[in-house]
Amino acid sequence: MPVNSCVPGPELIGHIADLARLEWTPGATAAAAKRFGWVPDGSRTSSYATNTGHYVLPEWFGGPDDADTECMIPFCYYYEPDDFDAELQADGLSGNVDWLAGYHSGDPGWVFDREADRSGFDGRWRAAVDGFSERLGEPETVVRDEKGDHPWNYAAWRCGGNAVVVGQCVDNGSYMTFEQALIWVGPHPVDEPFPTGEQFALRLEC
């Protein structure tokens, strides 16, 4: 049950904290990305590649003129193999596990662990939460979504009129084959309650 991860360290956490404290007026996030040294990615999914091996989604985040609504930075992918994966492996064929092993293999900091289980996936989420807690203080809320087949965890912080969420959700980029843990940052009115765990899942899907 492999995990491929690059848990955010102090550099990325500092950039996200700075981003969350901005007033997201048109051009503000693009200027911040330039200041951070993030490089325009030019792909059909990501807007920037960071200095830390991470990618910023969606592809239109950080435009020079548009006001952004959110951005997301995945840092962990998890997969539970099934019988078909075992059949492929027995026949010497590559499958989803091999694809996950190669994903981000050329990016710094990413580590593939073929033997990890769901507790390993949760542990990487928890490590990211601990890192953000050192920078932003204890999260305002920590919730768990128990509605689906497997529970997902979320922690959230307010930063003025914005919020930072570190959470788990489905990875739509793999057509829901993998699960992921990511950082979400974007505007969140100061008088608006944080959503429930189930609502977080819908907000974080990308």
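The buried residues of helix 1 are covered by elements that include helix 2 (28-36), strand 5 (71-78), helix 5, strand 8 (152-159), strand 9 (162-170) and strand 10 (179-187). The model described here is a predicted one. Helix 1 is largely enclosed by the rest of the structure, because eight of its eleven residues are buried. The buried residues are L12, I13, G14, H15, I16, A17, L19 and A20.

**Helix 1 against helix 5**

One of the covering elements, helix 5, spans residues 118-136, and its axis comes within 10 Å of that of helix 1 (residues 10-20). The two axes cross at roughly 55°. An angle between 35 and 65 degrees falls outside both the roughly parallel and the roughly perpendicular ranges, and the two helices are therefore oblique to each other. The crossing of helix 1 and helix 5 is right-handed. On the side of helix 1 the contact is made by I13, G14, I16, A17 and D18, and on the side of helix 5 by G131, F132, R135 and L136. By character, these contact residues comprise five nonpolar, two polar and two charged.

The spacing of such residues can be read against a general property of helices. Residues three or four places apart point the same way, because an α-helix has 3.6 residues a turn.

**Nonpolar cores**

The largest nonpolar core has 36 residues, and L19, W38, F132 and V164 are those with the most contacts inside it. At least two residues of this core come from each of helix 1, helix 2, strand 5, helix 5, strand 8, strand 9 and strand 10. F132, which also takes part in the contact between helix 1 and helix 5, touches P8, I13, I16, G137, W157, V164, V166 and I183 when residues up to four places away in sequence are not counted. A second core, separate from the largest one, has 15 residues, and L182, F194, F200 and A201 are among them.

**Buried positions in helices and strands**

Two buried residues of helix 2 have contacts with L19. T29 is placed in helix 2 and counts as buried, because its relative accessibility is 1%. Beyond the residues up to four places away in sequence, T29 touches L19, W24, F61, G62 and D68. A32 is also found in helix 2, and it is buried, with a relative accessible area of 0%. With the same exclusion of sequence neighbours, A32 touches L19 and L22.

N4 is found in strand 1 (residues 3-5). At 2% relative accessibility, this residue counts as buried. Apart from neighbours within four places in sequence, N4 is in contact with F75, C76, Y77, L100, A101, Y103, W110, V111 and F112.

V56 lies in strand 4 (residues 55-56) and counts as buried, at 0% relative accessibility. Residues up to four places away in sequence aside, V56 touches W38, S46, S47, Y48, T50, F61, C71, M72 and I73.

The table sets separation along the chain beside separation in space for three pairs of residues.

| Pair | Separation in sequence | C-alpha to C-alpha distance |
|---|---|---|
| N4 and D113 | 109 residues | 6.3 Å |
| V56 and T45 | eleven residues | 8.7 Å |
| A32 and T45 | 13 residues | 20 Å |

For N4 and D113, a separation of 109 residues in sequence goes with 6.3 Å in space. A32 and T45, by contrast, are 13 residues apart along the chain, with their C-alpha atoms separated by 20 Å.

**Backbone features in loops**

Most residues other than glycine have a negative phi, and most peptide bonds are trans. Two places in the model depart from these patterns. A cis peptide bond joins L57 and P58, with omega about -5°. P58 is placed in the loop between strand 4 and strand 5.

The other place is H104, whose phi is near 70°, a positive value in a residue other than glycine. H104 is in the loop between helix 4 (96-102) and strand 6 (111-113). Is this loop residue buried or exposed? H104 counts as buried, because its relative accessibility is 11%, and buried means under 20% relative accessible area.

Key
Residues are numbered from 1 along each chain as its sequence is written. This is a predicted model: local features need pLDDT of at least 70, side-chain atom pairs count only at pLDDT 80 or more; totals for chains, interfaces and linings use all residues. Side-chain values use heavy atoms; hydrogens and water are left out. Axes are lines fitted to C-alpha atoms, for helices over the stretch in contact, and angles run from 0 to 180 degrees between N-to-C directions. Helices (H or I, at least four residues) and strands (E, at least two) are DSSP runs, numbered from the N terminus. Angles under 35 degrees count as roughly parallel, over 145 as roughly antiparallel, 65 to 115 as roughly perpendicular and the rest as oblique. A crossing is left-handed if the near helix is turned anticlockwise from the far one by less than a right angle, and right-handed if clockwise. Contact means heavy atoms within 4.5 Å. Ala, Val, Leu, Ile, Met, Phe, Trp, Tyr, Cys and Pro count as nonpolar, Asp, Glu, Lys and Arg as charged, and the others, Gly among them, as polar. Buried means under 20% relative accessible area, exposed over 50%, partly exposed in between (1.4 Å probe, protein chains only). A nonpolar core is a set of buried Ala, Val, Leu, Ile, Met, Phe, Trp, Tyr and Cys residues joined through side-chain atoms within 4.5 Å.
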